[in-house]
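Student: I am new to this structure and would like to be guided through it. May we begin once it is displayed?

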Amino acid sequence: MTASHTPGPWTAHPSKYHEGVHIVQAGRPSNRVLASFGSEDEPLDDTDLANARLIAAAPDLLAALQSLHSFVAVRFGRGPDAVIPETI
């Protein structure tokens with residue numbers, strides 16, 4: 001199982017340059033802005049903040065799922081690279 005995405009960690013935090021904007025940003029060396037929420041015309045709400053935090057958690061969630069996948073595959077005798085049927 002491989003993924004092609006900007007490596008973590010990702011963080012959600014207020015923008016330094018735009019009032020009322022919350023951004024999700026990759027860590028160094030890229031420091032890419034991956035998503036932004038809110039604007040000066042449309043203030044942030046609780047859903048925007050929750051979505052920003054969820055997106056920022058994506059690399060950690062992926063790592064947890066990959067670990068779980070390996071555990072289940074080994075536990076059921078299929079090896080760590082096995083494709084797990086949806087019925088398990």
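Student: In the hairpin of β2 and β3, which residue takes a positive phi?

Tutor: This is a predicted model. The hairpin of β2 and β3 has six residues between the strands. A positive phi near 55° is taken there by N31.

Student: How many bridges join strand β2 to β3?

Tutor: Strand β2 covers residues 22–26 and runs antiparallel to β3. Among the partners, H22 is matched with F37 in β3, and Q25 with V33 in β3. The number of bridges joining β2 to β3 is four.

Student: Which are the edge strands of the sheet?

Tutor: The sheet is open and has three strands in the order β1-β2-β3, with antiparallel pairing. An edge strand pairs on one side only, as do the strands at residues 10–14 and 33–37. The edge strands are therefore β1 and β3.

Student: At what angle does helix α1 run to β1?

Tutor: Helix α1 comprises residues 46–56 and lies across β1, β2 and β3. Its angle to β1 is about 155°.

Student: Is L68 buried, partly exposed or exposed?

Tutor: L68 is found in helix α2, residues 58–75, and contributes with L65 and F71 to a nonpolar surface patch of about 330 Å². Buried means under 20% relative accessible area and exposed means over 50%. The relative accessible area of L68 is 47%, so L68 is partly exposed.

Key
Residues are numbered from 1 along each chain as its sequence is written. This is a predicted model: local features need pLDDT of at least 70, side-chain atom pairs count only at pLDDT 80 or more; totals for chains, interfaces and linings use all residues. Side-chain values use heavy atoms; hydrogens and water are left out. Patches are made of residues with over 30% relative accessible area and no salt bridge: like charges are joined within 9 Å, nonpolar side chains (Val, Leu, Ile, Met, Phe, Trp, Tyr) within 5 Å. Accessible areas come from the Shrake-Rupley method with a 1.4 Å probe; for residues, only the protein chains shown count as cover. A salt bridge is a side-chain nitrogen of Lys or Arg within 4 Å of a carboxyl oxygen of Asp or Glu. Helices (H or I, at least four residues) and strands (E, at least two) are DSSP runs, numbered from the N terminus. Buried means under 20% relative accessible area, exposed over 50%, partly exposed in between (1.4 Å probe, protein chains only). Two strands pair if DSSP finds at least two bridges between them. Contact means heavy atoms within 4.5 Å. Axes are lines fitted to C-alpha atoms, for helices over the stretch in contact, and angles run from 0 to 180 degrees between N-to-C directions.
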